[in-house]
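Let's take a walk through a protein model together. Have a look at the fold first, and then we'll go through its overall build and a couple of its ring pairs.

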Amino acid sequence: MGEISFPHLGISIENLPSGFSVFGFRIAYYGVIIAVAFVVGYYLVDRMVKKTKQSSELYLDFAMIVIVMSIIGARLYYVLFEWDYYKENPLQIFNTRGGGLAIYGGVIAAMLTSVVYAKRKKISVGLLMDTACVGLVIGQAIGRWGNFFNREAFGMYTDGLFAMRIPWDTAVSHMSAESAQKLLPYVSDSMIQVHPTFLYESMWNLILFFFLWNYTFHKKFNGEVMCLYLAGYGIGRIWIESLRTDQLLLWDTGIPVSQLLSGIMVIASFWIITFQRLRLKKKRKMEQSIE
């Protein structure tokens with residue numbers, strides 16, 4: 001427990017719990033929020049399926065598989081880039097109740113699962129990804145609030161409008177020694193004021209969701225919506241990741257993995273969109289010349 005406040009917004013929450021108990025079993029709010037994110041994400045995917053006249057049963061089966069694979073992927077990605085800790089504490093690899101799920105790992109696992117599933121069902125991989133990504137991005141927007149209850153995924157010091165105050169002893173457990181050294185001069189009354197980067201990413205994803213939902217009905221080719229998701233999310237993540245104190249680094253290089261991957265995604269996505277649009281334009285010209 002511990003106080004969390006947004007002083008410039010006039011919001012203060014004392015003793016915010018990280019979970020609750022049912023018959024002696026501890027349930028983390030992080031897990032509850034992730035579950036809600038999956039449910040809402042699937043509901044919106046199902047709505048999109050009906051609007052685009054696809055098979056609901058096909059996507060229900062897909063959801064059952066991709067949810068499990070995404071959680072496994074998110075955990076493996078996190079463990080991989082925190083291996084120095086987990087190689088000394090191997091049993092903690094299976095302890096996800098306190099957090100430790102990396103979104104990019106879940107996205108990569110979901111994309112790989114989509115490719116395999118689409119090929120087995122003999123449907124368009126691009127269409128499957130376009131439809132599923134509207135649920136993915138809204139799920140990310142909701143899921144980020146699990147970080148709020150865990151007091152994690154925050155950034156460096158700020159005195160801006162959305163500045164968030166949290167106890168220093170809690171904050172320091174979710175940051176590198178280097179980040180702690182930079183933040184220490186700003187500690188006041190055992191509290192630190194930081195960027196709520198989980199909030200920034202949640203709002204960014206919400207805006208991206210509304211854009212993708214509407215653009216789906218105007219796309220030029222199957223897979224374009226997924227490319228726009230990867231580019232849009234990547235652009236936001238490059239900025240947001242630069243503020244964070246708990247970056248996953250590319251082992252001994254000091255390079256934030258998420259920023260590197262985001263940059264690659266943005267470039268690759270815009271290249272695919274440009275290539276496909278030029279190909280379609282060329283195809284239309286050829287068809288018109290034949291007529």
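What follows is a short tour of this predicted model, from the whole chain down to single side chains.

**The whole chain**

Start with the big picture: the chain is built from 11 helices and six strands. Its radius of gyration is 21 Å, close to the 19 Å that the globule rule gives for 291 residues, so the chain is as compact as a globular protein of that length. If you lay the C-alpha trace along its principal axes, it spans about 75 × 40 × 40 Å.

How much of the chain is tucked away? Of the 291 residues, 46% count as buried. The accessible surface adds up to about 15700 Å², and carbon and sulfur atoms own 65% of that.

Now think about who touches whom. Take the contacts between residues at least 6 apart in sequence: 72% of them join residues at least 24 apart. As for charges, the chain carries 27 positive and 21 negative ones, and their mean positions are 14 Å apart.

**Rings that meet**

How many aromatic pairs does the structure hold? There are 17 of them. One is formed by Trp-145 and Phe-198: the ring centres are 5.1 Å apart and the planes sit at 80°, and because an angle over 60 degrees counts as edge-to-face, that's the label this pair gets. The two partners come from distant parts of the chain, with Trp-145 in helix α6 (residues 145-150) and Phe-198 in helix α9 (residues 197-215), 53 residues apart.

Another pair brings Tyr-200 and Trp-239 together. Their ring centres are 5.6 Å apart with planes at 20°, so this pair is stacked. Tyr-200 lies in helix α9 and Trp-239 in helix α10 (residues 224-241), so the pair ties together parts that are 39 residues apart in sequence.

Are these four residues buried or partly exposed? Here's how they come out:

| Residue | Relative accessible area | Status |
|---|---|---|
| Trp-145 | 31% | partly exposed |
| Phe-198 | 1% | buried |
| Tyr-200 | 17% | buried |
| Trp-239 | 45% | partly exposed |

So each pair has a buried partner, Phe-198 in one and Tyr-200 in the other, while Trp-145 and Trp-239 are partly exposed.

The first pair also belongs to a wider group. Ring pairs link Trp-145 and Phe-198 with Phe-20, Tyr-29, Phe-148 and Phe-149 into a cluster. Try picking out those rings in the structure above.

Technical notes: Residues are numbered from 1 along each chain as its sequence is written. This is a predicted model: local features need pLDDT of at least 70, side-chain atom pairs count only at pLDDT 80 or more; totals for chains, interfaces and linings use all residues. Side-chain values use heavy atoms; hydrogens and water are left out. Rings of Phe, Tyr and Trp (its six-membered ring) pair if their centres lie within 6.5 Å; planes under 30 degrees apart count as stacked, over 60 as edge-to-face and the rest as tilted. Helices (H or I, at least four residues) and strands (E, at least two) are DSSP runs, numbered from the N terminus. Buried means under 20% relative accessible area, exposed over 50%, partly exposed in between (1.4 Å probe, protein chains only). The radius of gyration is taken over C-alpha atoms; the globule rule is 2.2 Å times the number of residues to the power 0.38. Contact means heavy atoms within 4.5 Å. Accessible areas come from the Shrake-Rupley method with a 1.4 Å probe; for residues, only the protein chains shown count as cover. Lys and Arg count as positive and Asp and Glu as negative; His and the chain ends are not counted. The place of a charge is taken as NZ of Lys, CZ of Arg, CG of Asp or CD of Glu.
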